[in-house]
Amino acid sequence: YEIKVFNPVSNFWLSLGLNYPNERDEIVNKPPRGGDIYIHGKCVSAGCLAMEDEPIKEIYSVAILARSAGQRNIPVHIFPFRMKESIMNVYITRKPKYLVSFWKSIQKMYLYFEKNKKIASYSVKPDGSYEVEDVEVKE
């Protein structure tokens, strides 16, 4: 995703609106989809990415600094949990196959970022799955 909206006077203290639906959502999640997705404070939500006020203050500040420095596209990568192999194994045993398949498709991006602190090159295939540049990733 990317940050598209900066809202310093949100009902949830500070909020950053994402470009939902993104390219993959358009393919996989057919209408009707949910509404806007925001990252915000106040630690309450019915579908957004809610957190305590101090973390959103830090995230919001960094995003404002990036935009002020001329960065137009501010990427946001969202993962359901820390996607190390040991943690994946716990979740895999309890979830439907389609979800496990999706998690495995994004795990390579997660591990690459954790190791290199930069985003792996990827694309979205016509079926909505992710194709990650062939990079070697180990925990």
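Does Lys117 count as buried or exposed, and at what relative accessibility? Lys117 counts as exposed, at 54% relative accessibility, and its salt-bridge partner Glu114 counts as partly exposed, at 38%. The structure in which these two residues sit is a predicted model, and the values below are computed from its atoms.

## Overall picture

The protein chain has 139 residues, of which 29% count as buried. Its secondary structure comes to four helices and six strands, and from the N terminus on these elements follow the order β-β-α-β-β-α-α-α-β-β. Taken along the principal axes, the box that the C-alpha atoms fill is roughly 40 × 35 × 30 Å. The accessible surface of the protein chain is about 9,300 Å², and carbon and sulfur atoms account for 52% of that area. When contacts between residues at least 6 apart in sequence are considered, 47% of them join residues at least 24 apart.

## Helices H3 and H4

Helix H3 spans residues 85–92 and helix H4 spans residues 97–116; their axes come within 11 Å and cross at roughly 170 degrees. Because an angle over 145 degrees counts as roughly antiparallel, H3 and H4 are roughly antiparallel to each other. On the H3 side the contact is made by Glu85, Met88, Tyr91 and Ile92, which meet Val100, Trp103, Lys104 and Gln107 of H4. Sorted by class, this contact has five nonpolar residues, one polar residue and two charged residues.

## Salt bridges

The structure holds four salt bridges, and the table lists three examples among them.

| Pair | Closest N to O distance | Relative accessible area of each residue |
|---|---|---|
| Glu2 and Lys4 | 3.0 Å | Glu2 23%, Lys4 47% |
| Arg33 and Glu26 | 3.0 Å | Arg33 23%, Glu26 42% |
| Glu114 and Lys117 | 3.9 Å | Glu114 38%, Lys117 54% |

In the pair Glu2 and Lys4, Glu2 is partly exposed, and Lys4 is likewise partly exposed. Arg33 counts as partly exposed, as does its partner Glu26. For Glu114 and Lys117, the closest N and O atoms are 3.9 Å apart, and a salt bridge is counted here because the cut-off for such a nitrogen–oxygen pair is within 4 Å.

## Three residues and their surroundings

Ser15 has its place in strand S2, residues 13–18. At 3% relative accessibility Ser15 counts as buried, since buried means under 20% relative accessible area. Not counting residues up to four places away in sequence, Ser15 touches Val5, Phe6, Asn7, Ser10, Tyr38, Ile39, His40 and Tyr60.

Ile78 belongs to the loop between helix H2 (53–68) and H3 and is partly exposed, with a relative accessible area of 36%. Apart from neighbours within four places in sequence, Ile78 is in contact with Tyr1, Leu18 and Leu49. The C-alpha atoms of Ile78 and Tyr110 are separated by 9.2 Å, although these residues stand 32 residues apart along the chain.

Ile119 is found in the loop between H4 and strand S5 (122–124), where, at 38% relative accessibility, Ile119 counts as partly exposed. Leaving aside neighbours within four places in sequence, Ile119 is in contact with Pro75, His77, Tyr112 and Phe113. Between the C-alpha atoms of Ile119 and Met109, which are 10 residues apart along the chain, the separation is 7.1 Å.

## Backbone geometry in the loops

Most residues other than glycine have a negative phi, and most peptide bonds are trans. Against that background, several loop positions deserve a look. The peptide bond from Tyr20 to Pro21 is cis, with omega near 0 degrees, and Pro21 lies in the loop between S2 and helix H1 (23–28). A cis peptide bond also runs from Pro31 to Pro32, again with omega near 0 degrees, and Pro32 lies in the loop that leads from H1 to strand S3 (38–40).

The loop between S3 and strand S4 (49–50) contains Lys42, whose phi is near 70 degrees, a positive value in a residue other than glycine. Cys43 is in the loop between S3 and S4 as well, and has a positive phi of about 60 degrees although Cys43 is not a glycine. Lys42 is partly exposed, with a relative accessible area of 43%, and Cys43 counts as partly exposed at 47%.

Technical notes
Residues are numbered from 1 along each chain as its sequence is written. This is a predicted model: local features need pLDDT of at least 70, side-chain atom pairs count only at pLDDT 80 or more; totals for chains, interfaces and linings use all residues. Side-chain values use heavy atoms; hydrogens and water are left out. Axes are lines fitted to C-alpha atoms, for helices over the stretch in contact, and angles run from 0 to 180 degrees between N-to-C directions. Helices (H or I, at least four residues) and strands (E, at least two) are DSSP runs, numbered from the N terminus. Angles under 35 degrees count as roughly parallel, over 145 as roughly antiparallel, 65 to 115 as roughly perpendicular and the rest as oblique. Contact means heavy atoms within 4.5 Å. Ala, Val, Leu, Ile, Met, Phe, Trp, Tyr, Cys and Pro count as nonpolar, Asp, Glu, Lys and Arg as charged, and the others, Gly among them, as polar. Buried means under 20% relative accessible area, exposed over 50%, partly exposed in between (1.4 Å probe, protein chains only). Accessible areas come from the Shrake-Rupley method with a 1.4 Å probe; for residues, only the protein chains shown count as cover. A salt bridge is a side-chain nitrogen of Lys or Arg within 4 Å of a carboxyl oxygen of Asp or Glu.
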